[in-house]
Amino acid sequence: MKQFSPGWTLIRIYTILVYVFMFAPIVVVIVLAFNPKQFGIFPMEGISLRWFIKLAQNESIIDAFKNSLVLGSLTAVISTGIGILAALAFIRFEFPGKNTLNTLLLSPIMIPEVVLGVALLLFLRFLQQPKSFVLLLIGHVVLTLPYVLLIVQARLVGIKKEYEEAAKSLGANAFETFREITFPLLLPAILAGALFAFTISFDDITATLFWATAQNQTVPVKIFSMLRNSISPEINALGAVMIVLTVTTPLLAGYLSRKFSKIKD
Amino acid sequence: MTTGKKQPIVQFKGILKRFGDVVAVEKMNFDIEEGSLVTLLGPSGCGKTTLLRMVAGLEEPTEGDIFIKGVRINDTPIHKRNLGMIFQNYALFPHKNIFENVAFGLKYRDVPKTDIKKKVTRALEMVRLPGVENRMPSQLSGGQQQRIAMARAIVIEPDVLLMDEPLSALDENLREEMRREVDNLQRMLGVTTIFVTHDQREALSMSDKILVMKAGRKQQEGSPEAVYNEPTNHFVADFLGHSNFIKGEVVGVDKDHVNVRIETGDVLFAENKGGFSTGDAVEMIVRAQRFDAFPKNEFKPVAGMNHFEGRIKDRSYMGGEVSYFIELATGREIHIISMMRTRLYSNGESVSVQVSPHHCHLIPLE
């Protein structure tokens, strides 16, 4: 049998190492979440849900969790609403300044989040308004809108204009056409966009650090502040919960969009 | 006007459409009679689809008015125009089944539920696809989808049926079959139809009237026979069928004939349909199928017929017919499509070519 050349062996080792360094910390966090002891020692002395129970009893974390859920859901709804309307305007209509406006709406993807975070704060200072939940919400909508817009636009391009024209010629007005034709055909993209928006909002830390107040902490911000005091195993449990949530949501989005896209054609 | 003719149902009055700086349709005046099938024919980009979309309400005319049943509809939104539209790519709603597709227009017309079912069933029978109500569009073939699209458009009993190249997405054999089907259905229902196509055969075989367009301008309107046999300009003659264009000068006019000296020096007779006098520069148009070719040594001239001599330069045998290119003494070539009433000629053979003055059509030289 032919032996692998040293070059190939190196590449294999390299690849394995890359994956180990990427995933090992995540695995460690999840594994340690089930560690009964205060300090993470290997081998673990048994398995326990102790830290999860403690987590469930920690009200400030529960509050942060609720905040994150509410924020994420509202962000998803508002972003998707604006995203649908903007996508319709960009794909179906011609108006002056269209390209500029489109670039403007997509720009938060390209701008570093730190800059975005500071900029919105400065703008708020300029308006002489206090930090609030609304600010956080507006910020998250700005952050997530580009993703929703890109997903919905891509789908809308694929929906032939003739469907809408046929519906109108048969007697449906603009709203009925949207309700009966465009919206159902767009639904997979809308769901996927909403789930992406939720995940991004739920996950965000950099910009949120600038916008959150003591009352409006989100889970990532809470974890960050807990880390500054001590490394409690509770954080591992919280991390495990976060990982499960943020991994399953986009997977679900992908699954849904694939399932619904079969209707097309 | 009470000329005894049927009332025009669609009227274009001074229609002009501009997209930015580009003029898509130029000052169009055109009437469509009730119950007729009118074809807008022309190469792509000639403005025929734009004209159709203006009737539908999908485009707004820049200038001019469109009337349907005597009412100006420029400002009537598309969904209130009661038109049936059929698209090139069928445009069946992919997320609705066939019943929902066909019933779509009835929902907006206050039709009772039981009647909806009856009407959909009958429409599907008319397009010869009964019983497919529960299937999805993607489960049907292209031809079947186009039939469903037809059912969906006719079930609402539209004032005008608009068809935008409805057959061009189908393959050759199916197209022929669907063409007859559209034709039969249209005559059966008697619904006024505007049919857009770039296919001259479709236009000639189906239409009551053809409007030939080029670069946004009307070139000619008339019955298929008129447009084919008496084209008013070079473009129309060239676009429809295989034509020979022979330049010449009118050297004499009598009651029956116009005598034209063509570029070879021969003088040919064309039927006198009026409008030409001695000295006019003209172009003589002769369809390739109108010539008859005979072996030179067996040819006996017939009084009153045009004839000249040439040599077979090139031939293509096509089974039922033969296409010859015949070189005249001056080097000019004439294209003949022969139905082979005599025999097959070989390349280089000398032949005499005969054509009746009746088939020599004159237009002014452009």
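These legends go with a set of close-up views of chain B in a predicted model.

This is a predicted model: local features need pLDDT of at least 70, side-chain atom pairs count only at pLDDT 80 or more, and totals for chains, interfaces and linings use all residues. Residues are numbered from 1 along each chain as its sequence is written, while chains are lettered from A and ligands numbered from 1 in the order in which they are written.

**View 1. Chain B as a whole, with its confidence.** Chain B has 8 helices and 20 strands; these are DSSP runs numbered from the N terminus, with helices (H or I) of at least four residues and strands (E) of at least two. The C-alpha trace spans about 75 × 45 × 40 Å along its principal axes. Of the 366 residues in chain B, 39% are buried, meaning that 20 or more other C-beta atoms lie within 10 Å of a residue's own (12 or fewer is exposed, in between is partly exposed, and C-beta atoms are placed from the backbone). The average pLDDT of chain B is 89, and 98% of the residues score at least 70; pLDDT is the predictor's confidence in each residue, from 0 to 100. Among the elements of chain B, helix H2 (residues 98-107) has the highest mean pLDDT, 95, and strand S15 (residues 292-295) the lowest, 86.

**View 2. Where chain B meets chain A.** Here 18 residues of chain B are in contact with 18 residues of chain A, contact being C-beta atoms, placed from the backbone, within 7 Å. Strand S6 (83-86) and H2 of chain B each bring at least two residues to this side. By class, that side of chain B has 12 nonpolar, 5 polar and 1 charged residues (Ala, Val, Leu, Ile, Met, Phe, Trp, Tyr, Cys and Pro count as nonpolar, Asp, Glu, Lys and Arg as charged, the others, Gly among them, as polar). For the complex, the predictor gives an ipTM of 0.82 and a pTM of 0.79.

**View 3. H2 against H4 in chain B.** H2(B) packs on helix H4 (residues 142-154) of chain B at about 30 degrees, with the axes 7 Å apart; axes are lines fitted to C-alpha atoms, for helices over the stretch in contact, and angles run from 0 to 180 degrees between N-to-C directions. H2(B) puts in Ile98(B), Asn101(B), Val102(B), Phe104(B) and Gly105(B), and H4(B) answers with Ile148(B), Ala151(B) and Arg152(B). That contact splits into 5 nonpolar, 2 polar and 1 charged.

**View 4. The sheet that starts with S15.** Five strands of chain B make an open, antiparallel sheet in the order S15-S19-S16-S17-S18, where strands pair if DSSP finds at least two bridges between them. S15 and strand S18 (333-338) of chain B are the edges, each pairing on one side only. Inside the sheet, strand S16 (residues 306-317) and strand S17 (residues 322-327) of chain B share 6 bridges, and Asp314(B) has Phe325(B) in S17(B) as its bridge partner.

**View 5. The sheet that ends with S20.** This open sheet of chain B, also antiparallel, runs S13-S12-S11-S14-S20. Strand S13 (267-271) and strand S20 (361-364) of chain B each have a single partner strand, so one side of each is left without a neighbour in the sheet. Strand S14 (residues 281-287) of chain B is joined to S20(B) by 4 bridges, and Glu283(B) has Ile363(B) as its bridge partner.

How values were computed:
Contact = placed C-beta atoms within 7 Å.
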